[in-house]
Amino acid sequence: MDSPSLEAFGMSAPLPISHPLPPRRLCLLLTVDRRSPIFTRFLETLKERSACGDDIYLYCIDEGVREVEMLLPRAGPRLRLFACAYAAMRRSLPRNAAVTYGGLGLLADLILGTGEFLAF
């Protein structure tokens, strides 16, 4: 015996609902500058994940703070740029008002507030 259709009860079949998935939240930690071979992997990952539409929170520390100026043009709603205040000070790098500077507490908040963490 066949089960009654939805139409038998005065109902129509539900329409498929397509909900776009929210962007993933990714924290990247950059510890090296462009002289390191790891920097190329970092740039490739940044490009791939940006193309996927992920929200990226990038924290530059140690030698990575040297690349803040180079990365600044990429910053925007989907790429937020942060830098270690102490690392920038120790390297006598000028501060940029478009970058959020903070310490390890800020980094901990970024890690806890995102679903994925990658370090370079």
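**Close-up views of a predicted model**

**View 1. Phe 39, Phe 42 and Phe 120 make up one aromatic cluster.** This is a predicted model, where local features need pLDDT of at least 70, side-chain atom pairs count only at pLDDT 80 or more, and totals for chains, interfaces and linings use all residues. Residues are numbered from 1 along each chain as its sequence is written, and side-chain values use heavy atoms, leaving out hydrogens and water. Rings of Phe, Tyr and Trp (its six-membered ring) pair if their centres lie within 6.5 Å; planes under 30 degrees apart are stacked, over 60 edge-to-face, and the rest tilted. The whole structure holds two aromatic pairs. Phe 39 and Phe 42 are tilted, with ring centres 5.6 Å apart and planes at 40 degrees. Phe 42 and Phe 120 meet edge-to-face, at 5.7 Å centre to centre and 65 degrees between the planes.

**View 2. Leu 30 has company from several parts of the chain.** Among its contacts (heavy atoms within 4.5 Å), not counting residues up to four places away in sequence, are Phe 39, Phe 42, Leu 58, Cys 60 and Phe 120.

**View 3. Here are Cys 60 and Cys 84, both buried.** Buried means under 20% relative accessible area, exposed over 50%, and partly exposed in between (1.4 Å probe, protein chains only). Cys 60 has 0% relative accessibility, and Cys 84 has 8%. A search of the whole structure finds zero disulfides (pairs of cysteine sulfur atoms within 2.5 Å).

**View 4. Arg 95 sits over the face of Tyr 101.** The distance to the ring centre is 4.8 Å; the cut-offs are CZ of Arg, or NZ of Lys, within 6 Å of the ring centre and within 35 degrees of the ring normal.
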